[in-house]
Amino acid sequence: MDTSLISSQTVELVSLLTGQNLRKKDITPPLLFLAGLVTVLLGVIHADGTVSAEETQRLRAILTELIPANNSLRQLVMPMVKGVRDRQVYKKLQELLALTACFSEEEKLLLISFGYQMSAADGTIDDREKQYLTIIANRLGIEGRYLTVLEASFSSQAISDTAALAEVHSLLDPAQFQSLDSLFVRAASHIIEHLPAKPKQQNARKHSVSSYQELKRFHEYRQQLNAVCQQLYLTLRDGIDRNVLSPNLTEEITKISRKLESQRFRVAVVGEFSKGKSTLLNALLGEEIQPVRDIPCSGTVTVLKYGPQQRVICKYKNGREEEISPQQYQEKASISEEAALGSFGDEIVNSEIQEIIFEHPNLELCSNGVEIIDTPGLNEHAERTLVTEQVLKTTDAVIFLTNAQNALTKTEQELLLYLKKELNPGKDDEAAKNIFVLVNFADLLRREGSRQQVKVKVENFVKQPKLIAGENRIHFISAQSALDATLDGTENEYVKSFQDFTKSLEQFLTVERGAIALNQSAAGLKQIINTGCDELNQYREMLEGKLTISQGDKAKIFEQIAEASGRDVKIRLLAGELIEQSVEESVESWNEWLEGLGERLIAKSDRWTSEHSHMWSQNELTKDYSDQFVRDITQEIEDWATKKVQSILQENMGDLNSQINEDIDAIRQEFQKFDKQLSSNLVSQFNNLAIAGNFGGIGTSGSTIASSISQIEDGGLMGGLGIGAAVGAALLFLTGLGFIGVILGGLAAGVGGGLGWGFLDGDTVKAQIKEKVCELGFQKFDESSESIFDKIHERIIAVFEERVETSSGAIAQAMSLWENLLEQQEKRDRQNQAECEAQKVWLADKRRELQEIESQIEAVLNQGAK
């Protein structure tokens, strides 16, 4: 509906019909459709000169079904019916055309459909009623074929033109109206329920959307590299069993192998309600797995993954798991229609479900190492939004859905900016490469001009500097059309466009994400091999008498092991003191910040806006203001964290880092002394182990890889323990405070809609609603401020603990090197000359084995790079 086409004549007419003094901005799509609907229905009722009881009852039933009791439009129904009847608008074609001037083809067909249903209310379609509807339909530009379908549908006649029936189904698909208002969705659903089923094209040939060849090849390379891991493990295990190599070498290999075995690409589907997330997932998988409704239905995180047999596992927040049937899955993965349409319900908040895992053996995309995550959505409910935010932390790529008929609304633009920030923390100056924007329902843009306008709008926003980068990140699709064709085994332009998207996603996952993961794992394995070779060389020098550990040296080594252990304890104690100090300083800063919070938020409320009318959509208006209150208070907290808490953390983390660096440098200096005295290579081994440890811990998510790389580039554990990376983590840890929305999630419900102010001055009503929102918002925030700060406290602790664990790992590796040196010397002391010569042969064989394994690693990487 193009509301820009609303004329002054239309505004005046609707004002007369409702008995209200309306302005253009008060004429909303639901109000305008209601005026047109009442006019057409009354026209049909009066066309034959009689008003039957069935027709009166049908009129009342339709209006009651379309307009819920808590909707502000309900109070206008009777005045509008009286106004249309008294003015006999249904007889004045020009006035009806004024009411429908901004209607789309689909909306006009929806309107006339109700006319045919009303005509059949008394059992038959009277010729005069049919003639009335035909005249109106001709002036509205509705095809005669569609009228024939409607007449046959509501009079229970056979329909020979199945193509026209299919077209009517497509035009009245509730998805067509999701960008307008739930009234349109209910209206379209009502008509569709009374039409014969949409004819299905049958075709025995089945095909999948994509063969996913690149993913299959990557999967093979990953398996090959993991096989190399196993070979390297056995080679080094032999040396460990002989007390020649350090046990932590195989520990690091095990970490890398587990990563390779469990490595999966995680792709999240994100978007607001009505963008077609579930349909997209079904199209990706080539099977109708996800429940699809015309209202928000994703009530929890659903992970679709490969499994040897089809089964559904429900995981609860208390740790319990149970296998459920596919039918139960459809129920548990959805929220009730009442809760979804109400939008303020507590149903999802009280849910005990953590996530639902759907395993299937025949989902080709998932069988190639991809897990698809159906998120609960953003901006539907605070708790569902928070769940989605948590999912993003372990996601490789995000598919962002928007509706072609209302592409990239202001809210969606804000969501895209938010996603870019969440998926790529600390990279504000870089564009994100892991976001794909899908413009769904492209088949509903029937005019080339409309398609070009949407394309320009989307590209202008998405391709702006520092937002989204990479080839083929925008795709115009129709998930439903692609799914239908896939299930029918047919081809159409939307299957092709969908395949273009899946190829782009596949290219990103394998080349821009997967290749990094393989290279990082390979680099970690090479570092382990280097360390193994260094230790083998060290033992060879002992066998040749070039390296000997005296009793005095042994005593010093035992001292160094004890001292290293003491350093670890000292660092942990210091971290505890700094945590306590950081919390105390943050509490003091928090209390100072609270003093002026109320005044700042009230001042910001002057800038709150909403597209909803204070007269007909007070619920929606109140929700918009409530969302903006939550947004503003969240931003206030993040600003406080940026200016105050980050400063506190930077200073205290600096103290901890200084102590860690001092201790690591001391350990390194001791290694250097021994190297200089004994011609050993302990410093080199320490460096290799530290770097291998970093690589061994990488995952497939961009943030984890970036963290490892930045730590290494910043000097790694041997170059200051990556101070920049640690401080960066501390400075970022307070972004995305989604839990604020959960705490204040019932705000709109508490304020309440339909406050009886609908016919006061608009500015006065809006000011009063803002005042109520602020009043209740402050109350809820005061009640919850302690729990909010507890969350911040938890994050402060987590930052320090992560840093301590990193340093502890480095110190443990240093102790392992000292212990291995002692074990090698003890082994040498027990051997005679013949045994030493045999050991030299064994060492040469082991070096050759390690070199061969390194060549195999290079071969896997080179094969993957082709």
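Leaving aside neighbours within four places in sequence, Ile372 is in contact with nine residues that can be picked out in the structure above: Val267, Val269, Leu281, Leu284, Thr302, Val303, Leu304, Leu365 and Cys366. The model that shows these contacts is a predicted one. Ile372 is a useful place to begin, since Ile372 and Leu280 are the residues with the most contacts inside the largest nonpolar core. That core has 124 residues, and helix α30, which spans residues 762-829, gives the most to it, with 20 residues. Another core lies apart from it and has 72 residues. Ile62, Leu183, Ala188 and Ile191 are among the residues of this other core.

The chain as a whole gives the setting. It contains 31 helices and nine strands. Of its 866 residues, 55% are buried. If contacts between residues at least 6 apart in sequence are taken, 80% of them join residues at least 24 apart.

The strands come next. Nine strands form an open sheet with mixed pairing, in the order β4-β3-β5-β2-β6-β1-β7-β8-β9. At its edges are β4 (321-324) and β9 (474-476), each of which pairs on one side only. From one strand to the next, the twist averages 20 degrees. In general, the strands of a sheet pair through backbone hydrogen bonds, and the pairing is either parallel or antiparallel. Strand β2 (residues 301-306) and strand β6 (residues 370-374) run antiparallel and are joined by three bridges. One residue of this pairing is Val303, whose bridge partner in β6 is Ile373. Val303 is also one of the residues in contact with Ile372.

Helices lie against this sheet. Helix α18, residues 410-423, lies across β1 (265-270), β7 (397-403) and β8 (435-440), and runs at about 180 degrees to β7. Helix α19, residues 448-462, packs on the sheet as well, where it touches β8 and β9. The direction of α19 makes about 160 degrees with that of β9.

Helices also pack on one another. Two packed helices are described by the angle between their axes and by the distance between the axes. For helix α2 (residues 29-47) and helix α7 (residues 127-140), the angle is about 150 degrees and the axes are 8 Å apart. The crossing in which α2 passes α7 is right-handed. On the α2 side, Thr39, Val40, Gly43, Val44 and Ala47 take part, and they meet Arg128, Glu129, Tyr132 and Leu133 in α7. Sorted by class, this contact has five nonpolar, two polar and two charged residues.

Two serines complete the tour. Ser170 is found in helix α9, residues 162-171. Its relative accessibility is 28%, so Ser170 counts as partly exposed. Apart from neighbours within four places in sequence, Ser170 is in contact with Gln176 and Lys198. Ser170 and Asp443 are 273 residues apart in sequence, while their C-alpha atoms are 9.7 Å apart in space.

Ser589 lies in helix α22, residues 551-595. Why does Ser589 count as buried? The relative accessible area of Ser589 is 9%, and a residue is buried when this value is under 20%. Not counting residues up to four places away in sequence, Ser589 touches Trp640 and Lys644.

Methods
Residues numbered from 1 in each chain as written. Predicted model: local features only at pLDDT ≥ 70, side-chain atom pairs only at ≥ 80, totals over all residues. Heavy atoms only, no water. Axes fitted to C-alpha atoms, helices over the stretch in contact; angles between N-to-C directions. Helix = DSSP H or I, 4+ residues; strand = E, 2+ residues; numbered from the N terminus. Left-handed = near helix turned anticlockwise from the far one by under 90°. Contact = heavy atoms within 4.5 Å. Nonpolar A, V, L, I, M, F, W, Y, C, P; charged D, E, K, R; others polar. Pairing = 2+ DSSP bridges. Core = buried A, V, L, I, M, F, W, Y, C linked by side-chain atoms within 4.5 Å. Buried < 20%, exposed > 50% of the residue type's maximum accessible area, 1.4 Å probe, protein only.
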